[in-house]
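Student: I've got a model open and I'd like to test the labels people put on it. Can we go through a few and check each one against its cut-off?

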Amino acid sequence: MVDHLSRAQARRVALAAQGFLDPPHAAPTMRTFARTLERTGVLQVDSVNVLQRAHYVPLYSRMGPYDTGLLRRAAERRPRRVVEYWAHVQAFMPVELWPVMQHRMASYRERGGKWWRDVPEELAASVLSAVARHGAMTARQAAAVVGDGGPRRKEHWGWNWSATRKALDLLYMGGELAIAARTAQFEPVYDVPERVLPPEVLAVPVPSPAEAARELVRRAARSHGVATETDLRDYYRMGVEETRRAVAELVEAGDLLPVRVEDWARPAYLHRAARLPRRVGARALLSPFDPVVWERERTERLFGFRYRIEIYVPAAQRVHGYYVLPFLLGERLVARVDLKADRSARRLLVRAAYAEPGAPPETAAELLAELARLAGWLGLDAAAPVVVEPRGDLAPALAGVLRTG
């Protein structure tokens with residue numbers, strides 16, 4: 001029985017659990033997608049499209065170049081395999097988690113949603129009735145049906161949602177509506193769950209809160225491989241006490257094995273089926289919203305890599321750039337690059353590139369190869385897809401490889 005892991009072993013366990021040992025696929029299929037989703041558990045949704053929307057990139061990082069229609073088909077066509085919900089944050093999750101999330105949905109119904117406390121009950125009822133009667137619709141379509149004129153004026157930098165949009169979100173968080181699709185403009189299209197979820201999923205008995213908590217922690221442990229209680233709680237954004245109880249119960253059942261990890265101050269837990277490989281030969285760019293790096297404190301513990309996303313930081317105050325992706329080589333995060341897909345010029349712009357301390361000599365060459373592969377997946381110019389701008393300590397080496405390559 002394993003009771004102690006070095007930091008390097010924990011890192012390899014985590015990467016294996018996330019799918020970085022899976023064999024590459026020349027042409028990823030729906031089966032490849034299902035295998036990858038089983039590893040990540042969820043795919044965080046984000047609207048930023050400076051490179052590619054966040055939910056598509058973790059699949060690419062693990063499967064390589066793939067048809068993004070796989071995710072759209074899984075989310076929008078029958079038999080649906082994934083559905084959006086507030087699972088980590090806004091995320092695609094497997095449809096079988098819908099019953100597990102029912103207690104979360106009930107809590108949002110009881111307290112009036114997650115964000116909004118000012119939605120009139122009559123408006124919410126009218127919106128729900130409109131969707132049930134007329135079919136799937138966006139907020140703008142629903143507003144036209146219920147006679148809402150939309151947002152009056154933007155009062156601050158944040159969301160400027162109409163009353164109807166707030167009502168739809170309230171109903172969605174409470175499980176009375178589901179997201180059936182997204183428009184080309186990334187607007188959610190809402191419908192009643194009976195027309196979105198497979199009937200066999202809706203027929204599953206709702207688990208008790210304790211059963212649901214155990215299932216979520218079990219899935220989090222499987223996706224993490226090795227994790228602290230805080231890591232496990234964060235994966236599905238659970239409460240402290242429900243996570244603590246679930247961890248204790250899963251330890252007693254033998255699903256989680258207590259371990260000590262080198263330099264980790266808190267106790268850790270190893271999933272009973274976790275793989276402990278001798279090496280990991282990965283090469284991947286990771287989205288800022290990838291499960292490997294989305295919990296920043298865990299990223300520092302595993303990789304010694306301090307990472308912050310700077311989208312909301314004023315440009316002059318950014319340290320590394322606007323949309324910075326860590327570069328995974330082998331089992332280490334060896335560099336970071338600020339990327340932008342210039343679709344009009346069909347170029348992948350490297351706005352900045354930085355090496356991590358101790359990055360191996362082949363970092364620039366390996367990174368450029370990965371950037372070229374990424375540009376190909378994004379459909380950019382095949383002849384000269386990558387442009388390196390002179391910012392960051394790795395940029396000169398990267399530009400040099402580009403010139404001589």
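Tutor: Sure, we'll take salt bridges, burial, strand pairing and cavities in turn, and keep in mind that this is a predicted model.

Student: What makes Arg298 and Asp231 a salt bridge?

Tutor: Their closest N to O distance is 3.0 Å, and the cut-off is a side-chain nitrogen of Lys or Arg within 4 Å of a carboxyl oxygen of Asp or Glu, so the pair qualifies. Arg298 sits in helix α13 and Asp231 in helix α11, so the contact ties together parts that are 67 residues apart in sequence.

Student: How do you know whether Arg298 and Asp231 are buried or exposed?

Tutor: Buried means under 20% relative accessible area. Arg298 has 3% and Asp231 has 1%, so both count as buried.

Student: Then why is Glu297 called partly exposed?

Tutor: Because its relative accessible area is 40%, which falls between the 20% and 50% cut-offs. Its salt-bridge partner Arg301, at 2.9 Å, comes in at 11% and so is buried. Glu297 and Arg301 are both in helix α13, four residues apart, about one turn of the helix.

Student: What about Arg347 and Asp381, what makes them a salt bridge?

Tutor: The closest N and O atoms are 2.7 Å apart, and the limit is 4 Å, so they pass. Arg347 lies in strand β13 and Asp381 in the loop between α14 and β14, so this pair joins parts 34 residues apart in sequence. Arg347 is partly exposed at 25%, while Asp381 is buried at 18%.

Student: Why are β5 and β6 said to pair?

Tutor: Pairing takes at least two bridges, and β5 and β6 have four, in the antiparallel sense, so they pair. One of the partnerships is Ala178 with Asp191 in β6. Five residues lie between the strands of this hairpin, and among them Phe186 takes a positive phi near 75°.

Student: Last one: what makes the lining of the largest cavity eight nonpolar and four charged?

Tutor: Its residues include Val82, Phe92 and Ile179, and Val, Phe and Ile count as nonpolar. Glu76, Arg80, Glu84 and Arg182 are also in the lining, and Glu and Arg count as charged. No polar residue is there. The cavity holds about 70 Å³, and β5 gives the most to its lining, with four residues.

Technical notes:
Residues numbered from 1 in each chain as written. Predicted model: local features only at pLDDT ≥ 70, side-chain atom pairs only at ≥ 80, totals over all residues. Heavy atoms only, no water. Helix = DSSP H or I, 4+ residues; strand = E, 2+ residues; numbered from the N terminus. 1 Å grid on protein atoms, 1.4 Å probe; cavity = no way out; pocket = protein on both sides within 12 Å on 5 of 7 lines; lining within 4 Å. Points joined across faces, edges and corners; volume = space filled by probe spheres on them. Buried < 20%, exposed > 50% of the residue type's maximum accessible area, 1.4 Å probe, protein only.
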